[in-house]
Amino acid sequence: MPFSLALPHLPLSPLPIPIKSLISHKSLALRNRHRLLTPASAAAASNSPSAPHRPEFSHWDTMTSKLAGASNIPFLLIQLPQIILNSQNLLAGNASALFAIPWLGMLTGLLGNLTLLSYFVKKKEVEAAVVQTLGVVSIYIVIAQLAMAGAVPLPQFTVISVVVAAGLFLNFLYYFGRLSDLFWFAWEDFVTIGGLSVLPQVMWSTFVPVIPNSVLPGTISCSVAVVAVTMARFRKLPEKGVKFIQSISGWTATFLFMWMPIAQMWTNYLNPDNIKGVSALTMLLGMIGNGLMIPRALFIRDLMWFTGSSWASFLYGWGNLLFMYCFSSVNRELFWLATVSLYTWLGSLKKAISFKYRASSCCTAF
């Protein structure tokens, strides 16, 4: 799952904002915060306003931006092994194997991709928007396969299909200037409310039947989200409240992605016999892609990006591989190769960061 997680606030101004002034405003905000908020932007980090400008940091700036750019490769392929495995199981009449994949966990990733897609489209970040679009499409294919196996209820799958089709269509129209600001602002509000509503409900539903089945978490959070977003849109909240509502969508997208590994590990725990329906290669690609983004998140001191990437690399990637290894679903060589590689990579990062800050201290003292 791509973890392009550092998402700034989605504007909630009731008035149309010229795109040039919006971009310059965002660029100024990024410059002031010394943050790079997307791995796609990181690919051009040598010109990034958020990267440190001191000469001693130029090497780190270039290296970490290239690593972040390279992470797009495993993210583009991340769901392909799972799609192939699902197709093989469906053709073989082994539909029960697909129940090893929690559709609620996949849904959180899908909504996270849609949220990030809308942001990147508005910023005209073509490469990042393409990656998020591929993420939406690939996860939707997996969910469609789960629906074919009976793992996703038909009413829920129908709603998901409508949201995905509408989201891709509206983003396409807006990118080419064929959508009015009124409709775009309405879509942004819908994405914000949808994320805030779905996240608590998915978190609750993941643990059913251990806890009673209920729609109360989603209902309460949806009601609160509608009131908060409406008041922020019409500037009925204090300035700090408006800024909080604007910024919360970024963390919502991050938490949506972060819930994916928890849902998968819980499903593995409940149904260890079906764990062979999970693709080890998909988990490995998730570990690699998120691991490659950690250096950039540390270099530019982006907490949101670092939190999401680290969490996914450990839990979504290595954590699920550990589960699969414990239940003999992945061979020993692959698991230990992934383990040694991950911890060697993290160890080298620790040494590099220590050296960087020692050099920074020396230069400052000088």
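A salt bridge here is a side-chain nitrogen of Lys or Arg within 4 Å of a carboxyl oxygen of Asp or Glu. In this predicted model, the side chains of Asp189 and Arg233 fit that description, with N and O 2.8 Å apart. Asp189 sits in helix 9 and Arg233 in helix 10 (residues 216-233), so the bridge ties together parts of the chain that are 44 residues apart in sequence. Neither partner is out in the open: Asp189 has a relative accessibility of 14% and so counts as buried, and Arg233, at 8% relative accessible area, is buried too.

By this rule the count comes to two salt bridges. Besides the Asp189 pair, the side chains of Glu188 and Lys122 meet at 3.1 Å, N to O. Glu188 belongs to helix 9 (residues 181-206) and Lys122 to helix 6, so this pair links parts that are 66 residues apart in sequence. Once again the two ends, Glu188 and Lys122, are buried.

Stepping back to the whole chain, the secondary structure comes to 14 helices and zero strands. Read along the sequence, the pattern is just α after α, from one end to the other. Of the 366 residues in the chain, 52% are buried. Contacts across the sequence are well represented: taking those with a separation of 6 or more, 78% join residues 24 or more positions apart.

Two helix pairs show how these elements pack. Helix 6 (residues 103-122) and helix 8 (residues 154-175) have axes 10 Å apart, at an angle of about 15°. That angle makes helix 6 roughly parallel to helix 8. The crossing of helix 6 past helix 8 is left-handed. On the helix 6 side, the contact is made by Trp103, Leu107, Leu110, Leu114, Leu117, Ser118, Val121 and Lys122, while helix 8 brings in Gln156, Ile160, Val163, Val164, Gly167, Leu168, Asn171, Tyr174 and Tyr175. Sorted by class, the residues of this contact come out as 12 nonpolar, four polar and one charged. Lys122, listed in the contact with helix 8, is also the residue whose side chain meets that of Glu188 in a salt bridge.

The other pair brings together helix 3 (residues 58-70) and helix 12 (residues 280-299), whose axes come within 7 Å and cross at roughly 140°. Angles over 145 degrees would count as roughly antiparallel, but helix 3 and helix 12 are oblique to each other. Here, too, the crossing is left-handed, with helix 3 passing helix 12. Helix 3 contributes Trp60, Asp61, Thr64, Ser65, Leu67, Ala68 and Ala70 to the contact, and helix 12 contributes Leu292, Pro295, Arg296 and Phe299. The class breakdown for helix 3 with helix 12 is seven nonpolar, two polar and two charged residues.

Finally, there is a proline to look at in helix 9, namely Pro200. With a relative accessible area of 27%, Pro200 is partly exposed. Leaving out residues up to four places away in sequence, Pro200 touches Pro217 and Ser221. The C-alpha atoms of Pro200 and Pro217 are 5.8 Å apart in space, although the two prolines are 17 residues apart in sequence.

Key. Residues are numbered from 1 along each chain as its sequence is written. This is a predicted model: local features need pLDDT of at least 70, side-chain atom pairs count only at pLDDT 80 or more; totals for chains, interfaces and linings use all residues. Side-chain values use heavy atoms; hydrogens and water are left out. Axes are lines fitted to C-alpha atoms, for helices over the stretch in contact, and angles run from 0 to 180 degrees between N-to-C directions. Helices (H or I, at least four residues) and strands (E, at least two) are DSSP runs, numbered from the N terminus. Angles under 35 degrees count as roughly parallel, over 145 as roughly antiparallel, 65 to 115 as roughly perpendicular and the rest as oblique. A crossing is left-handed if the near helix is turned anticlockwise from the far one by less than a right angle, and right-handed if clockwise. Contact means heavy atoms within 4.5 Å. Ala, Val, Leu, Ile, Met, Phe, Trp, Tyr, Cys and Pro count as nonpolar, Asp, Glu, Lys and Arg as charged, and the others, Gly among them, as polar. Buried means under 20% relative accessible area, exposed over 50%, partly exposed in between (1.4 Å probe, protein chains only).
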